[in-house]
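The exercises below are to be worked with the sequence and the structure in view. Each task is followed by a solution in steps.

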Amino acid sequence: MAGPTRRRSATMSFNLLVLTCLGYVILLFAVASAAERSAAEGRARWLRSPVIYTLSLSVYCTAWTFYGAVGYAARSGLEFMTIYLGPTLVFVGWWVILRKLVRIGRENRVTSIADMISARYGKSNLLGIIVTLLCVSAGTPYIALQLQSIAQSFTVFAADTASTSLAADRNFIAFWVAAGLALFTIAFGTRNLDVNEQHPGVVMAIAVEAVVKLLALLAVGVFAVWIVAGGPGDILARIDAQALPEWHIQPGRWTGLILLSAIAIICLPRMFQVTVVENTDDQHLATASWAFPLYLFLMSLFVLPIAVVGLEIMPEGSNPDMFVLTLPLHLGQDGLALLSFLGGFSAATSMVIVASLALATMVSNHIVVPLWLKARAAQKRDTGDMRLLVLSVRRLSIALVLGFGYIYYVITGGSAALAAIGLIAFVGVAQIMPPLLGALFWRGASRTGAALGVTVGTVIWFYTLFLPSFGPDVILSARVMEEGLLGLAWLRPYSLYGLTTLDPLLHSLFWSLLLNALAFCLGSFLSFPSPIERVQGALFVDIFDRPGPARSWTRPAAEAEDLLPVTQRILGQSEGQQFFRAQAELQGKQGYLPDITPEFLEALELKLSGSVGAATAHAMLAQTVGTAVVSVEDLMAVASETAQIMEYSAQLEAKSEELSRTARKLREANEMLQKLSVQKDAFLSQISHELRTPMTSIRAFSEILMDSEGMSAEEQHHFAQIIHDESIRLTRLLDDLLDLSVLEHGQVQLNIGPALLRDLIDKSINASNSVQADRNFRISRNRDPEKIEIVTDAGRLTQVFINILSNARKYCVSDDPQMRISVRQRDGMVEVDFTDNGTGIPRDKQALIFEKFSRLTDSMQAGGAGLGLAICREIMLNLGGDITYVPGQGGACFRVSFPVELKPCEAAQKPQHKDAEAAE
Amino acid sequence: MAKRVLVIEDEPNISEALRFILSRNGWQVDVSADGQRAMKEMQSAPPDLLILDVMLPGLSGFDVLRSVRAGEGTRDLPVLMLTAKGQGADRAEAERLGATRFMTKPFANAEVIAAVEDMVGP
Amino acid sequence: MKPPRKVQFVARESYRMRRLMDAARFLPIFGFVLVLLPLMRTSTDTEVPPTAVESTYLFIVWFCLVLVAFVMSLGLRRALDPPKQAQPPLPQRRNGGTDPETQRDDVL
């Protein structure tokens, strides 16, 4: 059966293979972008289903397990199962570790495993850097291994065709694969700086690949069991027939590898990414607890049968690592071989995509961005818009990580050393386990201990496993391997302290974890953690029973106005403003500036850490807020406070919150009332002044005209003109007052109709040009977003625009006055921002500018009676919208918001504004 | 020689009216809209009479009055204060600071002339 | 606040829930012991290991673990719901309620 059909595989040309791959990759692109699109449109419920979550976990099964497991089984029997049994136990026991890990990760907006460790141990960036470096050094060879397996599978496929010259150039294939994957990861992994660092497109593509690789392996397995062999019974017989003495289960390796893979499923950066970072719901974990072990079960079910059939049928000396591919090929099943090829391709690509994404996030959040911030701070320069920076750093990091992987592959040349790297990487990332477990279960674990432990463990791993894995004389000389470092026999890499009974892998695992844990514990026993560490420790360990408000901020010293620009730089303008507004509302305040309470700072830090990691977010806020973070005394105070609070019932607690909110509102209302009563007096005397001033001229000149003998006709005419002008001024003032009164009492007749916003803005700009016409006032606007069909009272809206524009012309004190008009649509509301480049409005005046007669300066140069903005606000409330002052935008910024379509009922139910409420 | 009166008033129409009626009665009238600048002019050449508005941009009328009363050459200068606010508080403040006369706007032209002549003599 | 009958009902429910959580904690330990069994069975004097039997055993254990995890996950889901407002830090709720964690006695 084998001989003649084998030649047929030659018809499978290299080009066809490449085309298939390209087609597959295009499909993945389509799937990912469809997922991104529906996530952006908020239709992503099914995207976030437990099934997709479970499938995305399959990045655990890399090409190393897809191809390598069969080779492993051919060489060592059942031992390959350890790699799947460890994860099975972890997931079956999800209630113990994973549930807590996922909850902590989500509630703290953790972006990577380095971020997790750094956040738990006092938001220490040092730990972040150590973990990142460890992960990169373990991950890069692993990525190289995937590139190798893809290149190898290409070569196997096209082994005897004419196109071998191209196919044989593995470096060439590896290069293009790496480049393609970098492109994919950048496209879907760094599309935006997401709040939770989640990537629906990537997850979806991974899920598809998970299905493909499972189907491929199952298909080859079914083929081997039922078509090549005669069913399960036959296969079992063949297994026993093929069994070798080396297939004996070795107790040490069996136990050790199960533990190692159990640790790895938690600590591998890519697994942490899909398990914790991309998780949206605890319920998904409940499903994955059985579904993922089932997936692993199915992945390994046919491994041994394929290995046995391969050993039996394939010619002597075939590489068992490629049986999954070569077996169908050998038996002339080109279609099956192609499917199997795609399965291996999926396994490799999904691993590379997620791993490079996870590593890039760590590199950018823990190394590049902090360094950059520090450099900026040293130069005392502004940090500018952070978002673009962080994104570019991410992109660059992805390219770098893949580039490293490729270079590593080229340098090691696909040697046998690379094949062993899977388990070697496992031991590397296992060094994160002690501090991670400490983070979850031990409040006394300290940063010093964690840093010491990981460093010691990593150094031992490097010396006893990673460096020797390159082979003697590559990095470590053969002499060091034989006689130990500096000729000290107890320092031999494979038998530290004369331990010779263990194989190198277990030897390294034993020593590195033992000393890691020892250093971790000793460091924690002997050091005294900083208050933030203790706060974070309590927060993490007691995540399920929240002992009370553990805070990392007290006595804040900053102004909300200083924090808003910082936030905008990271979250973007509108998101940042929205967050501030929502927080202010939570406190029962209006506007964009919440009180700087510890709670607010905490919420803000959490929000920021979703984008740049906990350590960086904390450092950035600390820079702005000052060093007024928590002290030990504060902690004690909080602790006793907590004890007291525990005595109250939950209702009382809710009530007291309600009370403090009411109190805050009352305090605000009271302040407003006091200001208002002062204003009321001022209002009367203002009215008096505004009325008497024109009256004085009128009376004086009319008396002059009454006694007009000896006056020239010219003079008489001039005086009459003055009387006329002043009476017009009087009329206008009365009109304004009446207008305001009508608007305030909601008796205004609105003239609602369709209009184009752009036309209204055009008209307003023209109308306001006459104010101080000699000033060159530059207006920048983007006409496209202004093209919004609105239904409202166009005349009234224009009146508001004109008023704002004229005010800017009058009051903007810049030498080169400019006005930026930007339009935005959100939730059926239109927002028009008018921002000038003047000095803005001082903080203490911001609350008053919309009140009657509140001219900011005493100067009369401006003309009007100070009713303009008060009228504007009344108009906007009548139009179902609002006008607000947005602080911290460089100059004065007025935001006019109104519904796209004003329905008559909305207009009727105009919200009572604040001072009206207070006055009643 | 005609007596000199200085009018400090920021409403141009009101100061024009004052200039007209006073100069028709034989006064030499100087007008200033800015308290600060007027203070300087007064130091070099004090007028015979000062007519002062309360609501002025920058330095208020009360501020001007205070420094007039503190100044070396202007301590005894007769001052007529005009206000459009018409509140008792303003009158009290003007008296406290040493204004010679106080009138609310709008005023009768004849009253102004009478007051001025009463303060300085015809 | 609540009628006594209801409290008893809740306590019974939560008692079972807590035992289910205990079971969930023990499951991986049992599983680990079960997959270690082949170590004790293998006798080194036979030349060739009984790989077929062992693999059948391991896959059966494996599948049973999946099944048990599936059944337990159905019950445990109910204990997962709303994280924040569901668990006010009250002593009486802590003892009788569905709070999954035991009280800790280590203090800051």
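## Exercise 1. Contacts within the core

Beyond the neighbours within four places in sequence, C267(A) is in contact with I113(A), V429(A), A430(A), I432(A), M433(A) and L436(A). The model is a predicted one.

**Task.** Identify the residues that touch the most other members of the largest nonpolar core, and state which element gives the largest share of this core.

**Solution.**
1. The largest nonpolar core holds 270 residues, and those that touch the most other members are I117(A), C267(A), I306(A) and A430(A).
2. The element with the largest share of this core is α19(A), with 19 residues.
3. Another core, of 39 residues, lies apart from it; its members include I704(A), V68(B), M81(B) and V112(B).
4. As general background, nonpolar side chains tend to be buried together in soluble globular proteins.

## Exercise 2. Two pairs of packed helices

**Task.** Determine how α22(A) is oriented relative to α26(A), and describe the residues of their contact.

**Solution.**
1. Two packed helices are described by the angle between their axes and the distance between the axes.
2. For helix α22 (residues 421-430) and helix α26 (residues 504-526) of chain A, the axes come within 10 Å and cross at roughly 5 degrees.
3. Angles under 35 degrees count as roughly parallel, and α22(A) is therefore roughly parallel to α26(A).
4. On the side of α22(A), the residues that meet the partner are L423(A), V427(A) and A430(A); on the side of α26(A), they are L505(A), S508(A), L509(A), S512(A) and L513(A).
5. By class, this contact of α22(A) with α26(A) has six nonpolar residues, two polar and no charged.

**Task.** Carry out the corresponding analysis for α15(A) and α19(A).

**Solution.**
1. Helix α15 (residues 269-277) and helix α19 (residues 334-378) of chain A have axes 8 Å apart and pack at an angle of about 90 degrees.
2. The range of 65 to 115 degrees counts as roughly perpendicular, so α15(A) and α19(A) are roughly perpendicular to each other.
3. From α15(A), the contact involves P269(A), R270(A), F272(A), Q273(A) and V274(A); from α19(A), it involves M351(A), V354(A), A355(A), L357(A), A358(A), L359(A) and M362(A).
4. These residues of α15(A) and α19(A) divide into 10 nonpolar, one polar and one charged.

## Exercise 3. Burial along a helix

**Task.** Establish which residues of α13(A) are buried, and why they line one face of the helix.

**Solution.**
1. In helix α13 (residues 232-242) of chain A, the buried residues are I235(A), R238(A), I239(A) and Q242(A).
2. Viewed down the axis of α13(A), these buried residues fall within an arc of 105 degrees, so they line one face of the helix.
3. The face of α13(A) turned away from the buried side carries the exposed residues G233(A) and A241(A).
4. The partners against which the buried residues of α13(A) pack are α12 (200-228) and α17 (303-313) of chain A, together with α2 (51-80) of chain C.

**Task.** State how many residues of α5(A) are buried, and name them.

**Solution.**
1. Helix α5 (residues 68-76) of chain A is mostly covered, with seven of its nine residues buried.
2. The buried residues of α5(A) are G68(A), A69(A), V70(A), G71(A), Y72(A), A73(A) and A74(A).
3. Just after α5(A), G77(A) adopts a positive phi of about 70 degrees.

## Exercise 4. A residue in a strand

**Task.** Locate S897(A) and decide whether S897(A) is buried, partly exposed or exposed.

**Solution.**
1. S897(A) belongs to strand β7 (residues 893-899) of chain A.
2. A residue is buried with 20 or more C-beta neighbours within 10 Å and exposed with 12 or fewer; S897(A) has 18 inside 10 Å and so counts as partly exposed.
3. Apart from neighbours within four places in sequence, S897(A) is in contact with M829(A), V830(A), E831(A), G881(A) and D882(A).
4. V832(A) is 65 residues away from S897(A) in sequence, while their C-alpha atoms are 6.2 Å apart in space.

## Exercise 5. Chains compared

**Task.** Give the secondary structure and the buried percentage of chain A and of chain C.

**Solution.**
1. Chain A has 39 helices and seven strands, and 49% of its 920 residues count as buried.
2. Chain C has three helices and zero strands, and 19% of its 108 residues count as buried.

How values were computed
Residues are numbered from 1 along each chain as its sequence is written. Chains are lettered from A and ligands numbered from 1 in the order in which they are written. This is a predicted model: local features need pLDDT of at least 70, side-chain atom pairs count only at pLDDT 80 or more; totals for chains, interfaces and linings use all residues. Helices (H or I, at least four residues) and strands (E, at least two) are DSSP runs, numbered from the N terminus. Two residues are in contact if their C-beta atoms, placed from the backbone, lie within 7 Å. The arc is that of the directions from the helix axis to the C-beta atoms. Axes are lines fitted to C-alpha atoms, for helices over the stretch in contact, and angles run from 0 to 180 degrees between N-to-C directions. Angles under 35 degrees count as roughly parallel, over 145 as roughly antiparallel, 65 to 115 as roughly perpendicular and the rest as oblique. Ala, Val, Leu, Ile, Met, Phe, Trp, Tyr, Cys and Pro count as nonpolar, Asp, Glu, Lys and Arg as charged, and the others, Gly among them, as polar. A nonpolar core is a set of buried Ala, Val, Leu, Ile, Met, Phe, Trp, Tyr and Cys residues joined through C-beta atoms within 7 Å.
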